Amino acid sequence: MGTRDWDVVVVGSVNADLVVGVDRRPAPGETVLGSDLATHPGGKGANQAVAAARLGARAGLVGRVGDDGHGELLRRALAADGVDLAHLVTTPGAPTGVALITVGPDGDNSIIVSPGANARLGPDDVAAARAMIAGASVVSFQLEVPLPAVEAAARVAAGAGGRIVLNLSPPAPVPDELLARCDPLVVNEHEAAYLLGEGAPRDPRAMAAELAGSGPRSVVVTLGADGAVVADGTAPGAAAPIRIASPEAEAVDTTGAGDAFTAALCLRLARGDALPDAARYAARAGAAAVRRAGAQSSFPTPDDLPPPPAGL
Ligand code: ADP
């Protein structure tokens, strides 16, 4: 194993979130008026890199933005948190990825993602970023960039002895070879149900146990306000799934909670925590993120973390 110059390197998406509030959504052919447009830095990859850096990680991001104003905005946001952007490539002729978000009166989101430059991330980018990926203690992935890039980067990380964390978001099929490298696979309840298919158990511990038996080295199922369940792969002698409580938090906006959770988990794994301890810390980061509006704007510094829940 070489030296680890980065705690967490994220290979993932970079999007501008374009948000408009509406009283109701337009039917086909209809026009409705909305609020002023708000533009925020987002994308699961960028979010996780920012969340990890804000908690103190030496973080890097491998990704693509377009040669446009949104790309500039995102670069500035990432740089402000100290994310290493040596392998954030500007793509001529492609727009930066955007998420078109309408927020209804109940705070409910409807989202269209236009991947733009994210869709151009490929194995060549991974080859160019090889030293960064191989120099990371933990490499984190989501599925908002093309699978061949994820697979290539996971191979580099595994070859260098790095730890691979995959967030199955948005849910999509993953090859067994990639699944077998995940330590852990991180899913919320919807993503878990997607992977398990029909007849999936409802009980989160049973879900985690079944997923852990399906290939990954370990699994974390996040449960919103109810925290998470952690399960080791079902090697002989593997422990039963462990329930992790989240601190209570007054939820203002849950956007980005999963990204904050996963980033914090990656950081603590990079620092040598066992998975249940890393998940306890991650739950505090997730809880902190729901107390403030937005995604990156809601991510905590170490001082912002709530204490662990009482009795644990
Ligand atoms: P996702 O955003 O991917 O759907 P979750 O909603 O499961 O993920 O949230 C991720 C983590 O954030 C949870 O495991 C929990 O620790 C924390 N969290 C989310 N919602 C709340 C909440 N309402 N109160 C406290 N913690 C929360």
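The shell around the ligand in this predicted model is made up, by class, of ten nonpolar residues, seven polar residues and no charged ones. That gives 17 residues surrounding the ligand, and the closest of them are Asn188, Thr222, Gly224, Gly227 and Ser246. Some of the contacts can be pinned down atom by atom. Thr222 uses its side chain: a polar atom there lies 2.8 Å from an oxygen atom of the ligand. Gly224 takes part through its backbone instead, with an N or O atom placed 2.8 Å from a ligand oxygen. Ala283 also joins in through a backbone N or O atom, this time with 3.5 Å between that atom and an oxygen of the ligand. Taken on its own, the ligand has 550 Å² of accessible area, and the protein covers 82% of this. As for which parts of the fold do the surrounding, the elements that give two or more residues to the shell are helix H9, spanning 257–270, and helix H10, spanning 275–290. Helix H10 hands over the largest share, four residues.

Helix H9 is worth a second look. Leu265 sits in this helix. Its relative accessibility is 0%, so Leu265 counts as buried, the cut-off being under 20%. Along the sequence, Leu265 is 59 residues away from Ala206, and in space the two C-alpha atoms are 22 Å apart. A contact of another kind involves Arg268: its charged end sits over the ring of Tyr281, 5.1 Å from the ring centre. Rings paired with other rings are another matter, as the count of aromatic pairs comes to zero.

Next come the strands. Ser218 belongs to strand E11, which covers residues 218–222. With a relative accessible area of 0%, Ser218 falls under the 20% limit and is therefore buried. Its side chain still has a polar partner, since a contact of 2.6 Å links it to the side chain of Asp183.

Asp183 turns up again in the backbone story. Most peptide bonds are trans, but a cis one joins Asp183 and Pro184, with omega at about 10°. Pro184 is part of strand E10, residues 182–188. Another cis peptide bond runs from Ser169 to Pro170, and here omega is near -5°. Pro170 is placed in a loop, the one between strand E9 (163–167) and helix H6 (176–179).

Not every residue is tucked away, and a few examples show the middle ground. Arg243 lies in strand E13. Its relative accessible area is 37%, so Arg243 is partly exposed, a label for values between 20% and 50%. Arg243 is twelve residues from Ala231 in sequence, and their C-alpha atoms are 9.0 Å apart in space. Ala245 is found in the loop that runs between strand E13 (242–244) and H9. At 31% relative accessibility, Ala245 also counts as partly exposed. Ala245 and Ala228 are 17 residues apart along the chain, with 6.6 Å between their C-alpha atoms.

The chain also has a segment after H10, and Thr301 is located there. Thr301 has a relative accessibility of 28%, so this residue too is partly exposed. Counting along the chain, Thr301 and Ala285 are 16 residues apart, and their C-alpha atoms are separated by 8.8 Å.

Conventions. Residues are numbered from 1 along each chain as its sequence is written. This is a predicted model: local features need pLDDT of at least 70, side-chain atom pairs count only at pLDDT 80 or more; totals for chains, interfaces and linings use all residues. Side-chain values use heavy atoms; hydrogens and water are left out. Rings of Phe, Tyr and Trp (its six-membered ring) pair if their centres lie within 6.5 Å; planes under 30 degrees apart count as stacked, over 60 as edge-to-face and the rest as tilted. A charge sits over a ring if NZ of Lys or CZ of Arg is within 6 Å of the ring centre and within 35 degrees of the ring normal. A residue is near a molecule or strand if one of its heavy atoms lies within 4 Å of it. A polar contact is a pair of N or O atoms within 3.5 Å; within protein, one must be able to donate a hydrogen and the other to accept it, and residues adjacent in sequence count only if both atoms are side-chain atoms. Accessible areas come from the Shrake-Rupley method with a 1.4 Å probe; for residues, only the protein chains shown count as cover. Ala, Val, Leu, Ile, Met, Phe, Trp, Tyr, Cys and Pro count as nonpolar, Asp, Glu, Lys and Arg as charged, and the others, Gly among them, as polar. Buried means under 20% relative accessible area, exposed over 50%, partly exposed in between (1.4 Å probe, protein chains only).
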